[in-house]
Amino acid sequence: MLAGSNARILRYIVVAGIILIFFYHFSGSRYDTLPRPVPAPDHAQAASQPSPPNDEATTAGRPVDSTQKSIPADRDRPNSGFPKSVSASTDAAASTLADIDPGPRANATFVSLARNADVWDIARSIRQVEDRFNRRFNYDWVFLNDKPFDDNFRNITSALVSGTARFGQIPVEHWSVPDWIDEDKATKVREDMKERKIIYGDSMSYRHMCRFESGFFFQHPIMKNYDFYWRVEPSIELFCDIAQDPFRFMKENGKKYSFTISLLEYVDTIPTLWDSAVKFIENYPQHVAADNSMEFLSDDGGQTYNMCHFWSNFEIGSLEWMRSDAYVDFFNSLDQDGGFFYERWGDAPVHSIAAGLLLNKTELHFFDEIAYFHMPFTHCPNDVQSRIDLKCHCNPKDNFDWSRYSCTSRYFEMMGMQKPDGVD
């Protein structure tokens, strides 16, 4: 009995040994065949060069922080022309955005006004922009704040951008109440707007933001290094791949200001803005463009403002234009009138009126192919094939362009552009 039991145990051991050998031969060796890290090419391993020195790049006594990454050696290869579209076919590897030659870049940067507490919201925006566009172009990114950026913000954003991340603090004089403002009067205005439940009506920080974006962001020492800017807000979304370089398009086609969404402004926030604009026109007629866009801004030849403006949380523009005598005189004239504090002038109507008066129509541009969302409005490209080619995921039913509160239809009429079928 004992001998039989021992024999069975021996058979079990032999069978188990055979199974283990079999399993090791056909299965255990797979761990040795897992992909191993591939050494980076020599040019990718080279240490990145420091940013060029900038004697002006100090603000409010603080140095400008820059984090630069190595740039792909073929980023600025010779231009082979813009692609017309990006094929949606999954069969051809050449149809992917990564295979499109980006061509030479413009001297441009993204710019974001953000607080340390906005880090995760701006991180989301960065990923949208990098994944849909900038991972192939590696444009720089400038972050501005009225307070010092903390290490957490700098580390997270630097890791996400593909180009150089630069961090600047806003000078106190660009984020404070100027000495010609009657602060008692301004306080009463905020209290009144709060009672009337006007959005941001009682916010001082919002007023500082609007004034800074209207007249100072382009004057920051870091921004003086660039010719074009693309403004990016926290928590935006890009619905489509961006196959062409908007910066390069602006440069090569003489464009100075561009948009994706336009709409009507809240009347109670800017009751005297147009009066100030008219006063500017009277005092500086030399700055008004011959082929301006007054018909976009006014229904009666400039007597009144129809509230149409380009939504400036997305805008791509010329910094050379912003720094011009015409724009600086325009902003200074408005600023002296005090409407940023006595009312609640937004930077969107300020930029829009300036672009409409100081630029010729040919210097404006509507980026239909850049599908964009900022709460609560969406721009989705009008053309069905474009949405397929650019791998869009926006619902065309959400497109704000042709709603009753949008001014895009008016822009199309002014420019003589063909509206989509079914749009009056």
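**Strand β4 and its neighbours**

In the predicted model, F110 of strand β4 is positioned opposite W230 of strand β7. The pairing between β4 and β7 (residues 228-231) comprises 4 bridges, and these two strands run parallel. A parallel arrangement is also found between β4 and strand β5 (residues 140-145), where 5 bridges join the two. Within β5, L144 is the bridge partner of L113. The connection from β4 to β5 passes through helix α3 (residues 119-134), and the resulting β-α-β crossover is right-handed.

Burial was then examined along β4. Strand β4 spans residues 108-113, and 6 of its 6 residues are buried, so the strand is largely enclosed by the rest of the structure. In a regular strand, side chains alternate between the two faces of the sheet. In β4, A108, F110 and S112 point one way, whereas T109, V111 and L113 point the other way, and all are buried. F110, which faces W230 in β7, and L113, which is paired with L144 in β5, thus belong to the sets pointing in opposite ways from β4.

At the level of the whole chain, the model contains 15 helices and 15 strands. The chain has 424 residues, of which 50% count as buried. Among contacts in the chain with a separation of 6 or more, 79% are made by residues 24 or more positions apart. The exposed area of the chain is about 21,100 Å², and 53% of this area is supplied by carbon and sulfur atoms.

Notes: Residues are numbered from 1 along each chain as its sequence is written. This is a predicted model: local features need pLDDT of at least 70, side-chain atom pairs count only at pLDDT 80 or more; totals for chains, interfaces and linings use all residues. Side-chain values use heavy atoms; hydrogens and water are left out. Buried means under 20% relative accessible area, exposed over 50%, partly exposed in between (1.4 Å probe, protein chains only). Two strands pair if DSSP finds at least two bridges between them. A crossover is right-handed if, with the strands pointing away from the viewer, the path from the first strand over the helix to the second runs clockwise. Contact means heavy atoms within 4.5 Å. Accessible areas come from the Shrake-Rupley method with a 1.4 Å probe; for residues, only the protein chains shown count as cover.
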